[in-house]
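Please open the model in your viewer and keep the sequence panel beside it. The tour below moves from one selection to the next and says what is there at each stop.

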Amino acid sequence: MGDSGSAAGRRPHIFSAEGESALAELLTRRALLAFDFDGTLAPIVAQPAQARLSQAVAARLAALAERLPVAVISGRSLADLRRRLGFSPTYLVGNHGAEHADDPEAASAWRAALDPLRAHLERERQSLVAAGVGIEDKGLSIALHHRLAPSEGAALAAIDAALAERPPGSSVFAGKRVINLVPTGCPDKADALFLLVARSGAETALFAGDDVNDEPVFERAPAHWLTLRVGRDAASRAHFYLDSPAEMAMLLERMRQHLAMSGASGPGSRR
Ligand SMILES: [Mg+2]
């Protein structure tokens, strides 16, 4: 359930007094710092192939990763993600939570679960491509991109038609100008984050995301986690928001400052 009152109507900006004190409180504990990639750490760009971390964000994440475990949890495949980061996170998770860098075996069963859908989409390829829909097979998920379609309506209609008769075993959810298909029952970002919190021994977590596939984390996060939605979505269940990824470097810098302060007075400090 989570704490109901603050979530819906008046979500504070993370740089408000309330946000700053939540951030300071979080960083007195050993926290896992987890981030979505597109639209969160990196700005959304017209050509997804161009998305990269800015140097300012990559450098600050690298510095934070020396103090605390840092995770990037994205809808992209791991192979795709790795070349866009410019730093080495402690944990890297792709395909909406299903693809863990350190557990490739779990991935192959989920990959095979999409084979009937793969074959089906191959038969529908011509009508999808004609409507300007790009089909991206990411192994553990399949993305139907309509960002570049001349008519969004026609593209969505073609996708609806193509998916209407699809074989069982896949679940559909929308993202920003994309329709995603994942194996039914496959781990999502919330599952991935709970796993990483346990694996890292963290006492708490921060998670920032901007899209539909980040909401399961916001919904399932324990009350002491700090959750953050990039963009002002009234329906989001995150506790705080940022206006855009352009504010991310500043947020990471604030985290570094809070850590420096808590480190100076904490039990682990050198005197
Ligand atoms: Mg995103």
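Are F207 and F218 buried or exposed? Select the two residues: both F207 and F218 are buried, where buried stands for under 20% relative accessible area, exposed for over 50% and partly exposed for the range in between, computed with a 1.4 Å probe on protein chains only.

Before going further, note that this is a predicted model, in which local features need pLDDT of at least 70 and side-chain atom pairs count only at pLDDT 80 or more, while totals for chains, interfaces and linings use all residues. Residues are numbered from 1 along each chain as its sequence is written, and side-chain values use heavy atoms, with hydrogens and water left out.

Next, colour the strands, which, like the helices, are DSSP runs numbered from the N terminus (E, at least two residues, for strands; H or I, at least four, for helices). An open sheet of 7 strands appears in the order β4-β3-β2-β1-β9-β10-β11, with mixed pairing, two strands being paired if DSSP finds at least two bridges between them. At the edges stand β4 (99–100) and β11 (240–242), each with a single partner strand, so one side of each has no neighbour in the sheet.

Within this sheet, select β1 (residues 31–35) and β9 (residues 204–209), which pair in the parallel sense over 5 bridges; the partner of A31 in β9 is T204. Then add helix α1 (residues 17–26), which lies across β1, β9, β10 (226–230) and β11 and runs at about 135° to β9; the angle is taken between N-to-C directions, on a scale from 0 to 180 degrees, of lines fitted to C-alpha atoms, for helices over the stretch in contact (heavy atoms within 4.5 Å).

Now show the aromatic rings: the whole structure holds 2 aromatic pairs, a pair being rings of Phe, Tyr or Trp (its six-membered ring) with centres within 6.5 Å, called stacked when the planes are under 30 degrees apart, edge-to-face when over 60 and tilted otherwise. F194 and W225 make a tilted pair, 5.0 Å centre to centre with 40° between the planes. F194 belongs to helix α7 (residues 189–200) and W225 to the loop between α8 (215–220) and β10, so the pair ties together parts 31 residues apart in sequence. F194 is partly exposed at 29% relative accessible area, whereas W225, at 5%, counts as buried.

Finally, select the magnesium ion, whose protein donors D36 (OD), D38 (O) and D210 (OD) lie 2.1 to 2.2 Å from it; donors are N, O and S atoms within 2.8 Å of the metal (3.2 Å for Na, K and Ca), and with water not among the atoms, sites may look incomplete. Both D36 and D38 are buried.
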